[in-house]
Amino acid sequence: MHSEAPCAVRPATTADASLICALLNEIDTIETGRPDTDLHSVEADLAHPEVDLARDSWLAFDGDRLVAYALVWDESQGERVDADHYVLPGHGAAGERLLALAEDRAADRARANGASRAVLHLHLNAEPTTDLDMIARRGWRRVRRYHVMTRPLSVPDQAAPEPPAGVVLRDCRDDADRRRAHALLQETFSEHFDHQPRSYEQWLDDIGGGDRIDWSLVWIASVGAEDAAVLFSRDDRANMAWIRNIGVRRSFRGRGIAGHLLRHAFSVYAARGRDTIGLGVDTQNETGALRVYEAHGMHTLYAVDTWEVVLPVGVAVA
C-alpha cells in the first residue's frame, strides 16, 4: 500500500508569493480547467496587517516541491476566523496536517479575542483537491454555496447603456468618493451571510491597498441627490475583468440600477479589449442577485462552497 513520505512544514514569508501562486494555479487548473490566481492577490494576502505569517501560515513540502498551503486570518475580532487551504492530489496527509494546524491557530485567535468558541470558515471549490471525506471527518460541514459566473464580451457590448430615469454614475477617483464607496458597500452588504464590518483602512488592506486599485473602474450610482448603489470592479486578473461587489441600498432596489451598473461595466471592459467578465454570487442571496446576473447573460463557470467547523477554545493560560 502506498503511503506518503513525511512532509516538511514551515511558515510562509512574503518572498514565497511566487511559489504559492504557482501552487494555487496548479490547483486551479485541476479544479476549473485553467489557472485563475494572480500574483498580486497572493502578495496582498501575505502582506495583510491582520496576518502574522510566523503563526498564521504554513507551507508543506515533499522534498523541494510545495504541495500544500494554509493561511488563517481574523477579521471579526470575535469568534469568526477564516482560513485558506490548498493541497495537491496525492498529498492528503500533508493537507490534513496543515488543516489541523490552522484549526489550532483559529482556536488560539478566538480565545485571545475573548470568545468562548471558534467558528472557522473555509472556501473550497465544489470539486476540490482537498479531501472532503477528511474535512467531514474532522467535523466540517457545508453552510453556503457561491457561483462564479462569467459573460463573454464583444464589440456590440461597447455601446454605452441607457440609464434608468434619473440615474447618474460617477467614478471614485476622488478620495471622498472612495470613502463613500466603502460606506455604501458596508451598508448594502450588512445583512449578507458572513459579512464582517470593516473600517475604511481595513477595507483598503482587504483589497490589496488603495494604490493598487484603478478607481476609475469603481462606480457610484446616484438618483437625484442620493447615492443609491456601488459597483467595485478591477482589471488586474489575467483571465478576465472582475466585479468584486455590486451593492444597492434597500430603498432603491427593484429600479433596474444593478442591471444598469452591470451593463455599464460590460461596456467599459469591452472597450478596454476584455473578452470576458466575471463575478461571484451567493446562491442564497435574498436580493435576487443571481436572477439579475442570469438575465444579463452571465452563466455559472464553477461553484465554491463555504465549509464551517465550530471549535472549542479551551481556557487561556496566564
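How many of the residues of strand β2 are buried? I will begin with that strand, because what we have in front of us is a predicted model, and a single strand is an easy place to start reading it. The answer is that 5 of the 6 residues of β2 are buried, so that the strand is mostly covered.

Let me stay with β2 and look at its partners on either side. Strand β1, which covers residues 8–10, is joined to β2 by 3 bridges, and the two run antiparallel; if you want a point to look for on the screen, R10 stands opposite L59 in β2. The pairing of β2 with β3 is also antiparallel, and here 6 bridges join the two strands, with F61 placed opposite L66 in β3. Between β2 and β3 there are 2 residues, and the two strands form a hairpin, in whose turn G63 has a positive phi of about 65 degrees. As a general reminder for those who are new to such pictures, strands of a sheet pair through backbone hydrogen bonds, and they may do so in a parallel or an antiparallel way.

From these strands we can move out to the sheet to which they belong. It is an open sheet of 12 strands with mixed pairing, and the order across it is β1-β2-β3-β4-β5-β12-β6-β11-β10-β9-β8-β7. The edges are taken by β1 and by β7, residues 167–171, and because each of these has a single partner strand, one side of each is left without a neighbour in the sheet. From one strand to the next the twist averages 25 degrees. Helix α6, which runs over residues 175–188, packs on this sheet and touches β7, β8, β9 and β10, and the direction of α6 makes about 100 degrees with that of β9.

I would now like to turn to another helix, α1. This helix has 16 residues, and the distance from its first C-alpha to its last is 21 Å, which is close to the 22 Å expected at 1.5 Å a residue. Which residues of α1 are buried? They are A17, I20, C21, L23, L24, N25, I27, D28 and E31, and what covers them includes the helix α2 together with the strands β2, β3, β4 and β5. In other words, the strand with which I opened, β2, is among the elements that cover the buried residues of α1.

One residue of this helix that I would like to pick out is T29, which lies in α1 within residues 17–32. Its relative accessibility is 37%, and T29 therefore counts as partly exposed, since that class lies between the limits of 20% and 50%. Setting aside its neighbours within four places in sequence, T29 is in contact with R34 and P35. After α1 comes G33, which has a positive phi near 95 degrees.

Positive phi values also turn up in residues other than glycine, and I have two of them to show you. For Q77, phi is near 60 degrees, and this residue lies in the loop between β3 and β4. For D194, phi is near 70 degrees; D194 sits in the loop between α6 and α7, and at 23% relative accessibility it counts as partly exposed.

There is one more loop residue to visit, namely G139, which is found between α5 and β6. With a relative accessible area of 46%, G139 is partly exposed, and apart from its neighbours within four places in sequence it is in contact with E308 and V309. How far from G139 is V223, going by their C-alpha atoms? The two are 84 residues apart along the chain, and their C-alpha atoms are separated by 48 Å.

Let me finish with the chain as a whole, whose secondary structure comes to 9 helices and 12 strands. Its radius of gyration is 21 Å, close to the 20 Å that the globule rule gives for 318 residues, so the chain is as compact as a globular protein of that length. The C-alpha trace spans about 65 × 45 × 35 Å along its principal axes, and 53% of the 318 residues count as buried. Among the contacts between residues at least 6 apart in sequence, 72% join residues that are at least 24 apart. Finally, the accessible surface of the chain comes to about 14,800 Å², and carbon and sulfur atoms account for 49% of it.

Conventions: Residues are numbered from 1 along each chain as its sequence is written. This is a predicted model: local features need pLDDT of at least 70, side-chain atom pairs count only at pLDDT 80 or more; totals for chains, interfaces and linings use all residues. Side-chain values use heavy atoms; hydrogens and water are left out. Helices (H or I, at least four residues) and strands (E, at least two) are DSSP runs, numbered from the N terminus. Buried means under 20% relative accessible area, exposed over 50%, partly exposed in between (1.4 Å probe, protein chains only). Contact means heavy atoms within 4.5 Å. The expected span of a helix is 1.5 Å times one less than its number of residues. Two strands pair if DSSP finds at least two bridges between them. Axes are lines fitted to C-alpha atoms, for helices over the stretch in contact, and angles run from 0 to 180 degrees between N-to-C directions. The radius of gyration is taken over C-alpha atoms; the globule rule is 2.2 Å times the number of residues to the power 0.38. Accessible areas come from the Shrake-Rupley method with a 1.4 Å probe; for residues, only the protein chains shown count as cover.
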